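User: Please take a close look at one part of this model and describe how it is built into its surroundings. Then set that part within the chain as a whole, giving the cut-offs for any terms that you use.

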Amino acid sequence: MSYQEFAVYYDFLMDPSFYEEYERFIRNIKYNSVIELGCGTGNLAALIANENVSYTGVDLSSDMIDIAIEKNIINSTFIVNDMSIYTNEKSYDLCLCICDSINYLHSKELVEKTFQNAFCLLEENGTFVCDTHSLFKVNNVFDNYAQEINEEDFYLNWRVKKIDSHRIKHFVMIETEDARIEEIHDQYIFDLDFYKQSLLQVGFKSIKVYTDFLDYNEQGLRHILVCRKGE
């Protein structure tokens, strides 16, 4: 399920420093063109798009894309589409699928298809960066996780329930003076070895895994895979 009414509150809940850290993380990658699959409201686009870097963002949620467009980010294009089927004739230096976007794909087949799409969207020596929740986070942090925010103009309750060792469910409820919004989102987290093997099978030549922007750590919260298309 894509973000709908909740999209309006998304930027309020996300920590800007997370995107700033991602921008620093990819600085050592050479790129003049970027495509982001699952771009949300364009928070990373605002940090990396400029006169010398063109940016294309793809997201299934038209509400998220509408917000991204309203930001008037320089040299950027936003498209409503499903990242598991999206293709175009252009090639990019860098393809991103971050902020656990890959975990919204409910089957291994959809993950593999998205990896294939990312491979095809890249220049010959391009780089694909994606991330996933760690299984450590699923089994030790997310189960019965809850967050509440009580602002003057709205109240938010966000709960996460572990369904099994590879699946979590988000329950989001927002109340304002005029409305009550409820959304449910499922995420699927597969073994890290599956992601690595799938990336190799579609043709990526090298894969390096980081955790929380540092060296790999099995007990970290977010694994980041940096994949090179060329040698």
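Analyst: **Strand pairing**

Strand E1 pairs in the parallel sense with strand E2 (residues 54-59), over 5 bridges; two strands are said to pair if DSSP finds at least two bridges between them. Strands (E, at least two residues) and helices (H or I, at least four) are DSSP runs, numbered from the N terminus. The model is a predicted one, in which local features need pLDDT of at least 70 and side-chain atom pairs count only at pLDDT 80 or more, while totals for chains, interfaces and linings use all residues. Residues are numbered from 1 along each chain as its sequence is written, and side-chain values use heavy atoms, with hydrogens and water left out.

Within the E1-E2 pairing, isoleucine 35 has threonine 56 of E2 as its bridge partner. E1 also pairs with E4, again in the parallel sense, through 3 bridges. There, leucine 94 of E4 is the bridge partner of valine 34.

E1 spans residues 33-37 and is mostly covered, with 5 of its 5 residues buried. Buried here means under 20% relative accessible area, exposed means over 50%, and partly exposed lies in between, with a 1.4 Å probe and protein chains only. The side chains of E1 divide between two directions: Ser33, Ile35 and Leu37 point one way, Val34 and Glu36 point the other way, and all are buried.

E4, the second partner of E1, leads on to the nonpolar interior. A nonpolar core is a set of buried Ala, Val, Leu, Ile, Met, Phe, Trp, Tyr and Cys residues joined through side-chain atoms within 4.5 Å. The largest such core has 32 residues, of which Tyr22, Phe25, Leu96 and Val129 touch the most other members. Two or more residues of this core come from each of helix H1 (7-13), helix H2 (16-25), helix H3 (45-48), helix H4 (62-70), strand E4 (92-97) and strand E12 (222-228). Apart from this core lies another, of 29 residues, which includes Met83, Cys97, Phe119 and Val202. In soluble globular proteins, nonpolar side chains tend to be buried together.

Valine 129 shows how these segments meet. Contact means heavy atoms within 4.5 Å. Residues up to four places away in sequence aside, valine 129 touches Tyr22, Phe25 and Ile29, then Leu94, Cys95, Leu96, Cys97 and Ile98, and also Ile224, Leu225 and Val226. Leu94, one of these contacts, is the residue that bridges to valine 34 of E1.

Tyrosine 210, in strand E10 (residues 206-211), counts as buried at 18% relative accessibility. Beyond its neighbours within four places in sequence, tyrosine 210 is in contact with Phe25, Asp215, Tyr216, Arg222, His223, Ile224 and Val226. Its C-alpha atom is 5.7 Å from that of histidine 223, 13 residues away in sequence. Serine 198, in helix H7 (residues 192-202), is likewise counted as buried, at 3% relative accessibility. Serine 198 touches Glu112 and Phe115, not counting residues up to four places away in sequence.

The cysteines form no disulfide: the structure holds 0 of them, a disulfide being a pair of cysteine sulfur atoms within 2.5 Å. For cysteine 99, the nearest cysteine sulfur is that of cysteine 97, 9.3 Å away; cysteine 99 is buried, with a relative accessible area of 12%. For cysteine 120, the nearest cysteine sulfur belongs to cysteine 95, at 11 Å. Cysteine 120 is partly exposed, with a relative accessible area of 48%.

The chain as a whole contains 7 helices and 12 strands. Its radius of gyration is 17 Å, close to the 17 Å that the globule rule gives for 231 residues, so the chain is as compact as a globular protein of that length. That radius is taken over C-alpha atoms, and the rule is 2.2 Å times the number of residues to the power 0.38. The C-alpha atoms fill a box of roughly 55 × 40 × 30 Å along the principal axes. Of the 231 residues, 52% are buried. Among contacts with a separation of 6 or more, 60% join residues 24 or more positions apart.
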